[in-house]
Each structure stands twice: as C-alpha cells, then as structure tokens.
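The following account leads the reader through a protein structure by way of its helix packing, its nonpolar interior and a few individual residues. The sequence and coordinates are shown first.

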Amino acid sequence: MDRFVLTDAQWAKMEPHCLGKPTDPGRSGRDNRLFMEAVLWIVRTGSPWRDLPAMFGNWSTAFRRFRDWREADIFKRIFDVLSEEPDMEYAMVDATIVKVHRHGQGAKGGPQGQAIGRSKGGMTTKILALTDALGNLVRFELLPGNRYDTIGVAPLIDGIGDKAFDSNWIVQDLDQRGAKVVISQHPGRAQKLKIDVEMYKWRHLIENFFSKLKEFKRIAMRACKTDQSFSAMIYLAAAIINSR
C-alpha cells in the first residue's frame with residue numbers, strides 16, 4: 001500500500017499548525033496525524049481520492065478536509081515550519097515540466113486561468129523553483145508548460161539557471177543587488193558574461209530536488225484541476241523533503 005508514515009519529529013512541528021483539536025466534533029480536528037498521512041498517501045502514490053484506503057476513513061470526508069486546509073493555507077504553513085532557515089549564500093533557479101493527467105485537464109482540455117498549457121509534450125505545467133545553497137526549496141511558481149521561464153523569475157527573486165534565464169533584465173537586476181550571477185549563456189548573446197564554471201556545476205543540487213519531488217507521483221503527473229490544490233501538494237511534499 002506504500003503508506004507514508006510521519007516521524008514523531010515531523011509531526012511535532014506540524015501539529016500546532018493543523019486545523020482543529022482532537023476534541024473538536026466532525027472532521028475539523030479528529031486524528032489530524034492520520035489525515036495528514038492520508039494526504040501524503042495520495043501525493044505519494046498519485047492515486048485518485050476515491051481510491052484512498054479504508055484505514056484512512058471515508059475518502060469524500062478526507063477530500064473535503066483537504067480542501068478546508070488548502071483554503072486556510074495550512075500546507076504552506078507546514079512547509080514553512082518543516083523547512084530550516086534557508087542557506088542563502090547562493091540560490092539556484094530552474095524549472096521542470098510535468099504532464100497533466102486527464103483528471104487535471106477537465107472536460108475541455110484544461111481549466112481556464114490555471115497554469116496548464118499545451119506544449120510539445122501535450123498538456124503540461126511548469127514548476128519554476130528557487131532553492132538555497134543546499135538544494136532545498138525556498139519558493140516556487142507555477143506556469144503553463146508553454147510559457148517562457150523568465151516570466152516567473154521576478155516573484156522568485158523578489159527580496160532575495162540555465163540558458164532559459166539568460167535575460168538582460170535578470171542580470172541587471174541581480175547586478176544592482178550586488179549578487180554574483182552564474183547563468184549558462186544563450187548562444188546568441190552578443191556580449192558574453194564571465195561566469196564561475198565551478199559554481200555552475202552546483203546546479204545539480206536543484207536538479208536533485210526536482211528528482212526527489214517527482215518521486216511523489218501526484219506531482220510527477222499533475223491530477224489537480226486547480227493551481228491551489230497542486231501547490232498545496234507541492235508544499236507538503238517539499239516540506240517532507242526539506243525535513244529529511
């Protein structure tokens with residue numbers, strides 16, 4: 001069944017930020033730890049909610065509870081508390097593309113206003129992520145799979161690559177902050193930048209993060225119709241990755 005069991009240390013950090021108390025009536029607080037493991041089972045296996053094993057309770061109740069927690073930003077809070085203070089000696093930005101399952105596309109090939117677009121691989125979503133010097137997730141943005149990566153860079157680097165990020169405005173913005181820029185350059189760039197080749201090799205850390213993230217099958221194959229639900233699952237999976 002591939003049940004994902006939370007460690008006591010992980011749960012001790014999560015519990016104060018969950019909705020409700022064990023004494024509350026209904027689905028608001030009863031056995032939050034089991035419910036969290038139910039959500040992790042969905043994210044880990046990629047299964048639809050209807051296939052949730054009976055040991056986790058009624059699937060419909062669990063889904064409605066997930067929706068309540070999603071609306072209250074609980075999964076973002078859990079990500080924040082399970083992630084250590086980021087090591088921002090340097091940061092890495094990169095993107096990965098995930099295919100959208102037919103369950104996530106809806107009847108007309110994709111919900112309007114969501115980060116779902118048609119690319120060479122079909123209907124896809126792009127996860128644009130910023131990680132710290134250890135390769136742990138700090139922030140991410142969702143984009144339709146057919147959008148340029150640079151569109152999502154500004155909110156990622158606000159307050160704080162590869163060829164796709166070799167854009168003059170990105171270089172100028174980071175230069176003004178006194179940051180050292182290491183970006184693989186586009187062949188068509190007229191004025192070549194001097195980069196630290198050894199530092200560029202460290203980008204394997206963000207690639208390793210994407211590999212770990214895609215071990216959670218519900219993320220490797222997007223089955224969520226809304227960005228809000230998909231983001232909640234990314235936050236939960238990244239929280240587990242960051243806390244290992």
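**Helix packing and the nonpolar core**

In this predicted model, the axes of helix 3 (residues 59-71) and helix 11 come within 10 Å of each other and cross at roughly 90°. Angles of 65 to 115 degrees count as roughly perpendicular, and helix 3 and helix 11 are therefore described as roughly perpendicular to each other. On the side of helix 3, the contact is made by Phe66, Arg70 and Glu71, and on the side of helix 11 by Gln228, Ser229, Ala232 and Met233. Sorted by class, the residues in the contact of helix 3 with helix 11 are 3 nonpolar, 2 polar and 2 charged.

Helix 11 also meets helix 2 (residues 32-45): these two axes come within 10 Å and cross at roughly 100°. Helix 2 and helix 11 are therefore likewise roughly perpendicular to each other. Here Met36, Val39, Leu40, Ile42 and Val43 of helix 2 face Met233, Leu236, Ala237 and Ile240 of helix 11 in making the contact. The composition of the contact of helix 2 with helix 11 is 9 nonpolar residues, with no polar and no charged ones. Met233 of helix 11 takes part in the contact with helix 3 and in the contact with helix 2.

What lies around these helices may be considered next. The protein chain contains 11 helices and 5 strands. Of its 244 residues, 45% are buried. The chain exposes about 12700 Å², of which carbon and sulfur atoms supply 50%.

The largest nonpolar core has 52 residues, and those touching the most other members are Met14, Met36, Phe75, Ile127, Phe216 and Ile219. Helix 11 gives the most to this core, contributing 11 residues. Isoleucine 219 illustrates the connections: beyond four places in sequence, its contacts are Val43, Val98, Ile127, Leu213, Phe230, Met233, Ile234 and Ala237. Two of the core residues already named recur in other roles, as Met36 belongs to the helix 2 contact with helix 11 and Ile127 is touched by isoleucine 219. A second, separate core of 5 residues includes Leu128, Leu130, Val138 and Leu143.

**Individual residues**

Which residues does aspartate 227 touch, leaving out those up to four places away in sequence? Aspartate 227 belongs to helix 11 (residues 227-242), and its contacts are Gly113, Gln114, Ala115, Leu142 and Arg222. Its relative accessible area is 18%. Because buried means under 20% relative accessible area, aspartate 227 counts as buried.

Helix 3 holds alanine 62, which is buried with a relative accessible area of 5%. Apart from neighbours within four places in sequence, alanine 62 is in contact with Phe35, Trp49 and Leu52. The C-alpha atoms of alanine 62 and arginine 50 are separated by 9.9 Å, the two residues being 12 residues apart along the chain.

Beyond helix 3, aspartate 73 lies in the loop between helix 3 and helix 4 (74-82). Its phi is near 60°, a positive value in a residue other than glycine. With a relative accessible area of 48%, aspartate 73 is partly exposed, whereas aspartate 227 is buried.

Conventions: Residues numbered from 1 in each chain as written. Predicted model: local features only at pLDDT ≥ 70, side-chain atom pairs only at ≥ 80, totals over all residues. Heavy atoms only, no water. Helix = DSSP H or I, 4+ residues; strand = E, 2+ residues; numbered from the N terminus. Buried < 20%, exposed > 50% of the residue type's maximum accessible area, 1.4 Å probe, protein only. Areas by Shrake-Rupley, 256 points an atom, 1.4 Å probe, with all protein chains shown as cover. Contact = heavy atoms within 4.5 Å. Axes fitted to C-alpha atoms, helices over the stretch in contact; angles between N-to-C directions. Parallel < 35°, antiparallel > 145°, perpendicular 65-115°, else oblique. Nonpolar A, V, L, I, M, F, W, Y, C, P; charged D, E, K, R; others polar. Core = buried A, V, L, I, M, F, W, Y, C linked by side-chain atoms within 4.5 Å.
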